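Colleague: Hi! Could you walk me through this protein, starting from the overall picture?

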Amino acid sequence: PSQASFCYKCGSTLPPPCEQRVGSARSSFSGISQYETRSQFNSIEKGGSVSERVGSGASRQTITCSSWKTPVAGGQPREKRTPKRALIIVDLQNDFAAWGDSGNGTMSAPGRMEAVHNTNQLREAFEFDVVVLTRDWHPPDHCSFWSNHEGAEVLELKTLKYADGTELDQVLWPVHCVQGEWGSQFCDELVVLESDIIINKGMNVDVDSYSGFFDNGRRAQTTLQRQLKEMGVSEVYCVGIALDYCVGSTAVDAAQCGFTSYIVEDCSKLIAEESWKVMQGRLAENGVQVINSSQVPMEPKETSELEEAMRTEIAGLLQRVRELEQDVSEREEREREREEREREREAREREREQAEWERERSEKATAEGRQREEEERGGSPLGASPLMGATASPLPDAHRSYAQQVQATVLDRMLEHETMARQAAEKREQATRVFRQREQECWNS
């Protein structure tokens with residue numbers, strides 16, 4: 001052979017990583033007859049394992065690998081190697097996919113959790129040689145955040161200008177996936193293994209990066225293309241969020257880098273139909289195939305009955321968890337509505353009590369004013385009565401003192417009633433807080 005030999009098992013030149021050895025340099029075959037060389041390789045191609053020494057003298061070599069194949073022009077094996085496949089999981093992060101404390105992430109796509117569960121099922125069903133997870137990893141002052149542009153609005157399309165005179169259109173998104181924060185972490189429900197490759201993107205403050213391969217201006221690239229090619233990957237399957245932006249851009253760049261590129265649609269979710277129509281045009285131009293998980297051109301993993309039963313049980317448990325989460329969400333919503341109604345009722349009660357108190361105080365002040373006027377005139381509080389004549393005699397001092405005592409008693413009772421009502425309202429609020437605390441403890445347990 002005129003080229004170095006290849007190991008058909010691992011695809012490497014000497015020395016192969018699989019620790020199989022063969023003397024294959026061009027000079028190594030000097031002195032060996034063409035018949036002897038061809039016979040040894042033909043024996044290997046027929047499935048034989050050759051370990052005897054061939055040749056004579058200094059050129060004698062030992063062949064110990066049954067996987068070696070005769071090279072052809074260009075140094076490639078005659079037989080086509082089995083393609084290696086990579087699963088690229090795009091941006092299944094909390095801000096895109098997970099339920100936060102407020103019920104969703106800052107940029108949640110509709111059906112986001114369905115994409116996470118379907119991705120886990122896809123990974124379980126097929127044996128991918130490589131699994132890659134990309135994630136947005138933005139600094140706080142990133143150019144894609146609308147809050148970093150004065151006077152801008154969310155989802156506004158802004159043209160970014162650079163020092164070299166180039167321009168890029170940028171959608172201004174809500175703040176999302178800031179480095180190290182909760183929103184940038186992968187969803188808890190997503191299966192992530194230590195062997196997975198993690199690709200950070202969007203770290204340059206001046207340019208966004210939808211694709212896992214390049215930034216939007218193709219000014220810089222990640223290490224993803226190099227790593228996939230070093231591992232011999234030829235096919236990639238892209239899933240994640242969002243189908244009309246990051247997933248589609250990653251699939252397009254994969255095709256442009258020479259990989260056979262697929263998008264698994266039922267494991268991905270889009271943001272808007274309009275942008276998805278635009279992305280479909282780009283996918284068609286670059287030969288990216290959009291399929292669903294039932295159309296993946298791979299043989300599913302062979303599973304035992306026990307594994308299948310365990311998978312079914314786990315799926316049932318996950319479904320039960322989702323139902324419980326939905327039930328808790330509905331209960332919390334009903335509780336919020338009940339609390340809101342209770343607050344409104346209490347507010348109306350306070351307003352009524354305040355109005356009653358103001359009215360009573362006004363009546364009291366009016367009565368006191370009239371009494372003072374009568375006392376100053378020295379006449380009867382009842383005034384002149386036509387039945388008693390024009391000049392009625394004033395009330396005796398004993399009667400006036402009794403009237404004042406009655407009035408004072410009434411005022412004291414009014415103040416006492418107001419104090420008791422206020423204390424009762426405070427007790428109701430305290431009891432409500434204790435009830436809610438115990439209910440929350442029950443839910444947590």
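Modeller: Happy to; we will go from the whole chain to its core, its rings and a few single residues. This is a predicted model, where local features need pLDDT of at least 70 and side-chain atom pairs count only at pLDDT 80 or more, while totals for chains, interfaces and linings use all residues. Residues are numbered from 1 along each chain as its sequence is written, and side-chain values use heavy atoms, with hydrogens and water left out.

Colleague: Great. How many helices and strands does the protein chain have?

Modeller: The protein chain has eight helices and 12 strands. Helices (H or I, at least four residues) and strands (E, at least two) are DSSP runs, numbered from the N terminus.

Colleague: And what share of the residues is buried?

Modeller: Of the 445 residues in the protein chain, 35% are buried. Buried means under 20% relative accessible area, exposed means over 50%, and partly exposed is in between, with a 1.4 Å probe and protein chains only.

Colleague: What about contacts between residues at least 6 apart in sequence? How many join residues at least 24 apart?

Modeller: That share is 70% of such contacts in the protein chain. A contact means heavy atoms within 4.5 Å.

Colleague: Let's go inside. Which residues have the most contacts in the largest nonpolar core?

Modeller: Those are Ile88, Phe213, Leu228 and Val236, in a core of 33 residues. A nonpolar core is a set of buried Ala, Val, Leu, Ile, Met, Phe, Trp, Tyr and Cys residues joined through side-chain atoms within 4.5 Å.

Colleague: Which elements give two or more residues to this core?

Modeller: They are β5 (84–90), β6, β9, α4 (224–230), β10 (233–241), α5 (243–256) and α6 (273–285). Helix α5 gives the most, with eight residues.

Colleague: What does Ile88 touch?

Modeller: Leaving out residues up to four places away in sequence, its partners include Val132, Phe213, Leu228, Val236 and Tyr237. There is also a second, separate core of 25 residues, and Ile89, Phe186, Leu190 and Ala242 are among them.

Colleague: You mentioned β9. Where do its side chains point?

Modeller: They alternate along residues 197–201: Ile197, Ile199 and Lys201 point to one face and are buried, while Ile198 and Asn200 point to the other and are not. Strand β9 also pairs with β6 (residues 130–136) in the parallel sense, over five bridges; strands pair if DSSP finds at least two bridges between them. One of the bridge partners is Ile198, which goes with Leu133.

Colleague: Back to Asn200: what is it in contact with?

Modeller: Apart from neighbours within four places in sequence, Asn200 is in contact with Arg135, Trp137 and Thr222. Asn200 is partly exposed, with a relative accessible area of 24%.

Colleague: Where does Arg135 lie relative to Trp137?

Modeller: Arg135 lies over the face of Trp137, at 4.1 Å from the ring centre. A charge sits over a ring if NZ of Lys or CZ of Arg is within 6 Å of the ring centre and within 35 degrees of the ring normal. Arg219 has its charged end over the ring of Tyr162, 4.2 Å from the centre.

Colleague: Nice. How many aromatic pairs does the structure hold?

Modeller: Six. Rings of Phe, Tyr and Trp (its six-membered ring) pair if their centres lie within 6.5 Å; planes under 30 degrees apart count as stacked, over 60 as edge-to-face and the rest as tilted. Phe213 and Phe259 have ring centres 6.3 Å apart and planes at 35 degrees, so this pair is tilted.

Colleague: Which parts does that pair tie together?

Modeller: Phe213 lies in the loop between β9 and α4, and Phe259 in the loop between α5 and β11 (260–269), so the pair ties together parts that are 46 residues apart in sequence. Phe213 is buried at 1% relative accessible area, and Phe259 is buried at 5%. Tyr237 and Tyr262 have ring centres 4.7 Å apart and planes at 5 degrees, so they are stacked. Ring pairs link both tyrosines with Phe126 and Phe128 into a cluster.

Colleague: Last topic: how many disulfides are there?

Modeller: The count is zero, where a disulfide is a pair of cysteine sulfur atoms within 2.5 Å. Cys143 is buried at 8% relative accessible area, and Cys238 is buried at 0%.

Colleague: And which peptide bond is cis?

Modeller: The bond from Ile241 to Ala242 is cis, with omega near 0 degrees. Ala242 lies in the loop between β10 and α5.
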